[in-house]
Every structure is written in C-alpha cells, then in structure tokens.
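This report describes how selected helices and strands are arranged in the structure shown below. It takes helix packing before the sheets.

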Amino acid sequence: MRVNKSSAVGGSFRDPSGFVFVVEGQVYRQINQVYREDYDRLMTSGLYAALTRDGLLIPHTEADPALAQGERAYKVLQPERLPFISYPYEWAFDQLRDAALLTLRIQRAALEHGMSLKDASAYNVQFVGCRPALMDTLSFEAYREGEPWVAYRQFCQHFLAPLALMAYRDVRLSSLLRVHIDGVPLDLASRLLPLSTRFRTPLLLHIHLHAKAQRRYADSDVGGAALARGRQVSRISLLGLLDSLESGLRKLRWRENETAWADYYAHTNYSTAALDAKAAQVARFLEEAGPQRVCDLGANTGRFSRLASARGAFTVAADVDPGAVNLAYREGKDKAETNLLPLVLDLTNPSPALGWANEERESFAERGAFDLVLALALVHHLAIANNVPLERVAAYFAALAPQLIVEFVPKSDSQVRRLLASREDIFPEYTPAGFEQAFTRRYDIVQCVQVPDSERILYWMRQKAER
Amino acid sequence: MTSKNRLWQTLGVVVLLSLLVPRPVLAYLDPGTGSYIIQLLIGAAVGLGFLIKVNWNRIKAFFSKKDSGDASEQE
C-alpha cells in the first residue's frame, strides 16, 4: 500500500459504490451515497455480523466522516489492516481454490440474508495468514428474486477457469491470471483444456458451453439481449448453479508430484545434524535481529519461514515452485497459522505493477515494507543458474528490507557443482571473498558463521546507513 | 409436509414475481449476454437436480419406508 498523504489506491476505481484511499499510512474505504441502501442492508440484515463472526469478511469500523473525499460520500470505513496484499497469480492451487469456495460460501450466506455478491473478483479475497477472507465491503447488493447472478461470468473467469487449467493441463497456467487482469477468458480456457474436461459436467457447463454461448451472443445482431430480456433465474436455479460450481471446484485436484522442489529437503546434501544446526543459527540471528516483517525468498515449504513466524513476525514465504508453496499453505492451514503467508514468486521475474496505467496491482517490492529478507540456499540459483551478478542480487535484497540473513553456498558444494556440471564456469568472482565484496557495498556484516558439518556460511547483515 | 408446502410457496412466489417485476439490471459489471443466457439454461437444468439433492434424505426415507414395509410383509 502506498503511504502518500491521502491518495486513492490504484486498483480501486471500477465500482462507483466507493473506493479505497490512504491517509498517513491508514487505509480507508469510502462508501458513496449511491451505495447507501446496500451498505445499510449489509449492516442491518445480520449478514455483516454473520460473515465477520465466521472470519469470512474483513471487519471494519466506521471512521471520522471528515476523512471523506468529495461530496458523494456516505460513510468512511476503516477496515482491519491486512499485513500484506497478495494477488491470485501469486497463489498456489489450494489457495485459489479456497478463495473460490469462500466466494461461493459468502454468496450463499448473502442470499440467505436477501443480498447477493455483485462481483466475484479473486482480487477481493485476501489471505489472513493461511485463511482467505473477503476484503471488499462494497461487493454486496440487494437480491431481487428472479435476477441472475451478475458476477457469474467473473467467477468463472477468476476462479473456475484457471483452477481447471491448473488441475487438468498444468499448474503453471496460473500465470495466465497475471496476463489477463479480469480472469482467464473462457474461450481461451476452453481451447486449452483437454478434451476429457468436456465429459465433466460442471466444466462442460460453466466453461465449454459458457464460452460457446459467449461467442454465439457476442454479436448484438443475434438477438441475445432480446432473448435474455425479462427472463428470470429462480432462487432454486441460482442455488443449483452455486452447487454445481462448488461440486466442480471440489473435484479439481492438483497433481502433486509434478514439481521439482517439493521434496527438496529429502534430496538435499545437508545431513540432518547440519540442517538442524543451520536452523538453530538462523533462529539465533532472528532473535537478535528482532524483525516484525520477514520475507523468506526461496522458502520452499516454509521450514525456515516458520522460525520467523513462530516468534511472532509476519512472514511471507515466497517460492518459485507452486508445489512447495501449496504444501506450505496446507500445513499453515492445518495449523491455523495466522502470520505466515506462502506465495508463489519467481524471483528472476517478480510480480510487476499491472493493470490500468500499471497502477491497479502493485509490484511485489512495492507491497513489502519488510524488515528482513531471509535468503537461504538461494543465492547460487540466482548467481549461477540465472547469471545474475552478485551485486545485483544484493541490490534487490536491499530494496526489499534493511536487514538480511543470507546463506552462501560455495562452489565445492555438491548443489553448486550440479549447477555447473553442464556449463562453463564463468563465475570467477563466486567465492566467499567475492560474495562478501559484492554484498558489503550495501551491507555491513553483523555476524557470519560457518554452518557446522558443511561448507556453507550464514551471514546476518544490516544495510549501510548512508544508503 | 411443512417443508414441502414451503417449497411450493417459494415456487409460487418465484412465478408470481417473474410476472410482476420486469426490471433493468443496475450492476456495474456487465453480466454478458452469452453468460446471462447460459446461466438461464444451466439454472433451469441444475435447479431440479439441486431440489432432488437437498431433499434426498426425505425422498430416500419415503422409499425406504415403503421398502421396509414390503419386507416385513414378505416375512
């Protein structure tokens, strides 16, 4: 979130009901007069109470009306602060599916209270630790018997289509959400999905036939509008539609054994003793550094991230491997962890700023405000497998946080030897001395310790004051 | 019995309302003509299935009562 003096948040402009803005680092949501009736209904119908009680909606308090921006304001809300805003293209399979199921659950609760979701954007869902919750208080409108679910198309594009592609084609296709800001177009999903998905009723209906109907009625000459006019979707049909979407989602399975890293700890050359010694040393550094917000890069399934989150620091556990992140999320979900957020992030190409004027979705670094970067068993992948000069690695870490705990893995280590096995060694500066030289341009080394029973070195660094 | 009545009541209200309230949709999202039409069709198709599904226990109970009655007669 930007911390300017009173600025509208870039992604909050489509819905005329209101918008999000920031004043002196505090996030507010303005409700416009046009949304007055629906907001009052949300609050008085019991829906708000029911949703916040179950942790499905981010709670808010009503703030000083003097904060209102412009004359259209009805109320100003202060939502409970979220530690980190993440986006659907950074979520693993289970995260996106849980967000989808949450949306359906909320829509059902809304219908019970005489309301309906007027949008079903995946961007309206945020993770509080390993629990999804809806953050958009403006998503509700009065339900009128007979009306269709206006957000049905958006739900299919934001949730069902990418999840089906991830389950039936390739889990990496979640990256399509990064390209298509309003979800995966259904004609594209329909073309990419394997033939077998046409024999799965929910996918046949909600993706393949849905795409076909869109194509057929895209042209206004066909008379689709006249066909639709006046026709009603009964409540039973609507509930049936939600039920069909849910059963489709629940049948989707992520094929677990396809990714490279999820069994990393089982295949590492670390002995158990060395791994434990490394964990103990990282824990000591964390204790002394005392960060509130940690970003663990190359977190794998989050073993070391949990050293930070367990001592109370909000921790993003980022990894390039969607399988590892999925496992990290499942474990966090099982243990109801509230300050660990596993995310899929390719460090060689981190999430950029996206959307209208490149302002709707912020880049990964913009959203951070981290105190400490944890980079264990990572630098050799960046420096050797990706040819990123060590100085640039240091520069990116320094842009994310003032402190750093980093592990140097020397060339003699079998992991690095494997990376160098099939290529020419063009990295003469990749030595402990070269590493220290590159990093000490930006950082002071507070402490460095050789990991017992290994050739690796752990550093705790702090950025130089003048930078 | 009461839930059956409620069901008929709901259906009656739905039919009645569908005759009474032809209203424009005031949403900020475009539902999309094709998406609207497919929703009408899917809704009609899955609505009945959903009714059967949520009332499945009652339907099963209705038939199993009959079955157990038959069985005891045969014994």
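## Helix packing and sheets

In this predicted model, helix α4 (residues 152-168) of chain A and α9(A) have axes that come within 11 Å and cross at roughly 15 degrees. That angle makes α4(A) roughly parallel to α9(A). The crossing of α4(A) and α9(A) is left-handed. On the α4(A) side, A:Tyr152, A:Phe155, A:Cys156, A:Leu160 and A:Leu163 meet A:Leu241, A:Leu245 and A:Leu249 of α9(A). By class, the contact of α4(A) with α9(A) has 8 nonpolar residues, no polar and no charged ones.

Helix α9 (residues 235-251) of chain A also packs with helix α2 (residues 33-54) of chain B, at an angle of about 85 degrees and with the axes 7 Å apart. α9(A) and α2(B) are therefore roughly perpendicular to each other. From α9(A), the contact includes A:Ile236, A:Leu238, A:Leu239, A:Leu241 and A:Asp243. From α2(B), the residues include B:Ile42, B:Val46, B:Phe50, B:Leu51 and B:Lys53. The residues of the contact of α9(A) with α2(B) divide into 9 nonpolar, 6 polar and 2 charged.

An open sheet of chain A has 7 strands in the order β12-β11-β10-β13-β14-β16-β15, with mixed pairing. β12 and β15 of chain A stand at the edges, each with a single partner strand, so one side of each is left without a neighbour in the sheet. Neighbouring strands of this sheet are turned by 20 degrees against each other on average, direction ignored. Helix α11 (residues 272-289) of chain A packs on the sheet and touches β13 (372-375), β14, β15 and β16 of chain A. The direction of α11 makes about 15 degrees with that of β16(A).

Is the edge strand β12(A) buried or exposed? Strand β12 (residues 340-344) of chain A is mostly covered, with 5 of its 5 residues buried. Both faces are covered: A:Leu340, A:Pro342 and A:Val344 are buried on one side, and A:Leu341 and A:Leu343 on the other.

At the other edge, the hairpin of β15(A) and β16(A) has 6 residues between the strands, and A:Asp453 takes a positive phi near 70 degrees there.

A second open sheet of chain A has 5 strands in the order β1-β2-β3-β5-β4, with antiparallel pairing. β1 (7-8) and β4 (60-62) of chain A stand at the edges of this sheet, each with a single partner strand, so one side of each is left without a neighbour in the sheet. Helix α1 (residues 36-44) of chain A packs on the sheet, touching β3, β4 and β5 (73-79) of chain A. The direction of α1 makes about 45 degrees with that of β5(A).

The table lists strand pairs from both sheets.

| Strand pair | Sense | Bridges | Residues paired |
|---|---|---|---|
| β2 (residues 18-23) and β3 (residues 26-32), chain A | antiparallel | 6 bridges | A:Phe19 and A:Gln30 |
| β11 (residues 314-319) and β12, chain A | parallel | 5 bridges | A:Val316 and A:Leu341 |
| β14 (residues 403-408) and β16, chain A | antiparallel | 6 bridges | A:Phe408 and A:Ile457 |
| β15 (residues 443-450) and β16 (residues 457-463), chain A | antiparallel | 7 bridges | A:Gln447 and A:Trp460 |

A:Leu341 thus appears twice: as the residue opposite A:Val316 and among the buried residues of β12(A).

Conventions. Residues are numbered from 1 along each chain as its sequence is written. Chains are lettered from A and ligands numbered from 1 in the order in which they are written. This is a predicted model: local features need pLDDT of at least 70, side-chain atom pairs count only at pLDDT 80 or more; totals for chains, interfaces and linings use all residues. Side-chain values use heavy atoms; hydrogens and water are left out. Two strands pair if DSSP finds at least two bridges between them. Helices (H or I, at least four residues) and strands (E, at least two) are DSSP runs, numbered from the N terminus. Contact means heavy atoms within 4.5 Å. Axes are lines fitted to C-alpha atoms, for helices over the stretch in contact, and angles run from 0 to 180 degrees between N-to-C directions. Angles under 35 degrees count as roughly parallel, over 145 as roughly antiparallel, 65 to 115 as roughly perpendicular and the rest as oblique. Ala, Val, Leu, Ile, Met, Phe, Trp, Tyr, Cys and Pro count as nonpolar, Asp, Glu, Lys and Arg as charged, and the others, Gly among them, as polar. A crossing is left-handed if the near helix is turned anticlockwise from the far one by less than a right angle, and right-handed if clockwise. Buried means under 20% relative accessible area, exposed over 50%, partly exposed in between (1.4 Å probe, protein chains only).
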